Every structure is written in C-alpha cells, then in structure tokens.
Amino acid sequence: MAQEDVFKKIVSHCKEYGFVFPSSEIYDGLGAVYDYGQYGVELKNNIKKYWWDSMTLLHENVVGIDSAIFMHPTIWKASGHVDAFNDPLIDNKDSKKRYRADVLVEDYLAKLDEKIDKEVEKAAKRFGDAFDETQFRATNARVLETQVKRDATHARFAKALNDSNLEELRQVIIDSEIVDPISGTRNWTDVRQFNLMFSTEMGSTSEGSMKIYLRPETAQGIFVNFLNVQKTGRMKIPFGIAQIGKAFRNEIVARQFIFRMREFEQMEMQFFVRPGEEMEWFNKWKTTRLAWHKAMGLDDAKYRFHDHDKLAHYANAATDIEFEMPFGFKEVEGIHSRTDFDLSQHEKFSGKKVQYFDPELNQSYTPYVIETSIGVDRVFLSIISGSYAEETLDNGETRVVLRLPVALAPIKLAVLPLVKKDGLPEKAKEIIDLLRFDFRCQYDEKDTIGKRYRRQDAIGTPYCITVDNETMQNNSVTIRFRDTMLQERVSIDNLHEIISEKVNMKNLLKKIDN
Ligand code: GAP
C-alpha cells in the first residue's frame, strides 16, 4: 500500500477509535488544532510520564517545574522571538496558496534523494548478490547527475538560509523549477518573513492593557526561573530543569495531521553546564535521547539524526532526532547547544544578575545550556505510525492492530466474559475489581469474542482476559496476547503479578538507564 494511503488510514483510525478528533468539528473544525479523545489522552499522558520519569527519576540532577503560559512580554524581546521567530513564506499567485519557502526546497531535495534511492533499488534487484552499492553510487551516470544537482541546490539553499537572503531563497525555488502542487505553476511572489507568535491583550481597558504573547516554546519559562530553582534547590552545575506544557505557533503551513499544529505540547529540558563543557554534554544528551526513543521498540531503523543546516540564532550546535513517518523522515526532537545566549539576554533585559557561583572554581559565570526539546504530539504520531499494522490472518480475515509499547498502551487489559450468562459477567467484574487500582481495565460483553478481540487490537490493548466456564470451576482464565494472538491459561491469583511485570514503565526506563 502506498505510504500516502497508510497515512490516511492512520488519521481515520485515530478518529474512529477515539484517539484524535479535529477540534471544533461540529463547527467544521479549526485549522491545525486537534483534540485528544478517550484513548488518545491516555496514550499522551503515558508518553508524558515516560519522559518525565526518564528525566527526573533517572537523573538526580534534573528537577521539574511548571511555569505559566503567559509571561512578561519583554521575555520574548530578550529571547529574540519578537524580532527573529519567523518563517520565510511564499505565495503562489495562481492558486493563492501560501507555503513555507524552506519546506518547498526541502521537499524538492527529498524527491531527488528518493530518485537516487529508486535507481539503487532497481540496480540491486537487477544485479542480485553481485551488487556493489558504493561502486554503483560512485559510477552510475544517472545517479551522479542527480547527486550533483542535489548537492549544488542544497549548498545554495543552506547558504541562503544562513545569510537570511530571501531573494536567493526565491531564486533557488525558481531555478529548481519547483511548481505549486495545486496550480502546477511557477508564478511565485517574493519571499517574506512571517512572525509565528500569537498575541493577546492582558488587563482591563480602564487600567490600560498590555500586549502579551502565547509562549511559542516552554524553554523561556525555565530560563527565567533559573535562579529560583538553582537557589531554592541548592542545585550545583551541571544540572537540568525539565518542563512539560503547551506551546502555540501560528504555523503558515499547517498540514500532516498532528505533526504541525498551532497549539501543541512540548517536553523540554534545559541542562546548565560550565562554559567549554557544552559539546561533551551535547553528545551525551544526544545518546541519552536516542536511547529513550529506541527503548519503545518501534524499529531502530526508523530513527536517525539530522544536523541543522541553519543554526537558530541562539545555538552553536544542533541536531534533530527524526522518525520515519509515512510521509518520510521528520523531526520529532531537537537537541540544541544554546550557549549562554538566553541567560545573558535575560540578564541584559531584566537588569538582574543571572549567573552562577561555582564553588569548585571559586568564580561566577553565565552557564551554557544544552536543550532537549520534544513535541508530545509528534512522539504520539511516531508511536501510532510505528505501531499501526494491517494483517491477514490464517483464516483469511484481516485485523488492524496497534502494536503500542505495552507500558504506554491506553488500556492495559480487557476482561471479557465468553457469554453473558452463567455468572461469567459477575466473575469478570470481580476480576476487574481486583486489578483496576493498578491497571486501566475495560469490560466488554457485547458481540462475539472474535469481534471483541478485534476492538481491543484496534486500540492497542496488550492483554485480553477471557472468563469462560472453566473459570467457574478452577478459578483460571485465558490471557490472550495482542501481538501473537496466542492464549495461555493462568490462575486468577497470578494475574496481577503477570500483568504488572509486563506493563510496568520500569521496563522502558531500565533500557535507557546507563
Ligand atoms: N525550545 C526549542 C524549540 O522549541 P523547536 O525545534 O522549534 O525547538 C521543538 O521545537 C519540538 O517541538 C520539535 O522537535 C517538535 O517535536 C515540536 N514542535 C515544534 N513545532 C510544532 C508544531 N507546530 N506542532 C507540533 N509539534 C511541534
């Protein structure tokens, strides 16, 4: 099945099974804003817990905060967001559609990469075992021609971004003959900068009101609390502050479902280090964060690092962790070495000293910062995309299954009486009473057992407990495993232990604790 179709299926699956709904749907929706449904919110909460625990339990020098969304407007002047938090936009005069100029070029580069990969794939099939990929890439005329074109465009593009040269960025689009996917024309406007922050007014009119911004990142709430946390927590460098919270961006091109939203949630951690030690910590956090993703078991090959072509105004090194979504490798997390930019700027704009006295060095300095910044919604999408499978069973039937990491699954187990009589429903409810304080359970007695298994597969429930006549005789039930569909008969007395061992978040945390 084409990846585009898989993606469409995933989006409708999320809606049909109560994971994600378009916001304000009965009013025809609101662009790039989504609501999480009854199962979505559970998965989302589990992702947040996994991240929070991995930061604050596994690192004794990382603590959390929860800062307000509204902040003093000067913070955004100091951070550079008022002046520089822009995306380059371009309009097509025929379709009247607006695009991010950088995304148009990135998509074009990805197409050239795809073209090369297809040539390689074709040749690999043709030559079989004798195929030497390195040699083929280095010698095949068609591959070389595309590669040269790709590298030249990429070099011009990276330079245009770094120089903030909007005319050159437009010229790259023109020279690459990039067409509007809707009108099919190359009738482009100039490229302009567009600030992504939402603003609103605070205060009543009689007092006068103040323009404030909805935070476009949670990080600044951490920076302006650096001294509070360091002093009250007697924190010694190196240490980190973690936060989970909503962020808002008026994205120009909002598409790809929950990948690019106007209201989304971030999980950010700022790690404060001695100046000069930032690259060592940058590399350590790269390793730690990749391990966090891989521990979920989705498929190691679906992750890769992608270094930034253009460093943000505050960074001296930056990389993304990308996940292979159905629409290609895309950024899920950013890891940035932010230098002392933010703390120095807040010192300058607030007039307060924002420094750290290092007792070991007997000197004060402005700490450097390594940031790990990940979008909850993008992790959610990576998990759903990586778990979604359509399978044909031995009996010819098909099933849709979400092979979610068990510790993150919204419902941990379903308890199903085989029939609605002979005391089986009552027994099933007894089992739920035994387990519901520790695990999210679901009771279901409607339809055939096969249909009930399918419903649980579709929401990713890892275990189905079936209560049958034998249960009434010897206090045993069957436990069915989502991924293998195999069943095992176990005693009810052992159920708690069996489930607990399998669904514990500790299993994920242990994989990354090194
Ligand atoms: N504090 C640094 C920062 O905000 P970023 O790369 O702009 O860096 C970090 O954003 C992460 O936030 C991204 O890797 C992504 O997961 C998430 N994110 C950013 N914009 C988003 C959007 N419009 N919708 C959903 N997630 C978004």
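Of the 22 residues around the ligand, those that come nearest are Glu 217, Met 261, Glu 268, Glu 331 and Val 332; a residue is taken as near a molecule if one of its heavy atoms lies within 4 Å of it. The model is a predicted one, in which local features need pLDDT of at least 70, side-chain atom pairs count only at pLDDT 80 or more, and totals for chains, interfaces and linings use all residues. Residues are numbered from 1 along each chain as its sequence is written, and side-chain values use heavy atoms, with hydrogens and water left out.

By class, the shell holds 10 charged, 7 nonpolar and 5 polar residues; here Asp, Glu, Lys and Arg count as charged, Ala, Val, Leu, Ile, Met, Phe, Trp, Tyr, Cys and Pro as nonpolar, and the others, Gly among them, as polar. Strand 10 (263-273), strand 13 (328-339) and strand 16 (368-375) each supply at least two residues of this shell, and strand 13 gives the largest share, with 6 residues. Strands are DSSP runs (E, at least two residues), numbered from the N terminus, as are helices (H or I, at least four).

Arginine side chains feature among the polar contacts of the ligand, a polar contact being a pair of N or O atoms within 3.5 Å. An N or O atom in the side chain of Arg 249 is 2.8 Å from a ligand oxygen. For ligand nitrogen atoms, the distance is 3.4 Å to the side chain of Arg 338 and 3.5 Å to that of Arg 378. The protein covers 93% of the 550 Å² of accessible area that the ligand has on its own (Shrake-Rupley method, 1.4 Å probe).

Technical notes: A polar contact is a pair of N or O atoms within 3.5 Å; within protein, one must be able to donate a hydrogen and the other to accept it, and residues adjacent in sequence count only if both atoms are side-chain atoms.
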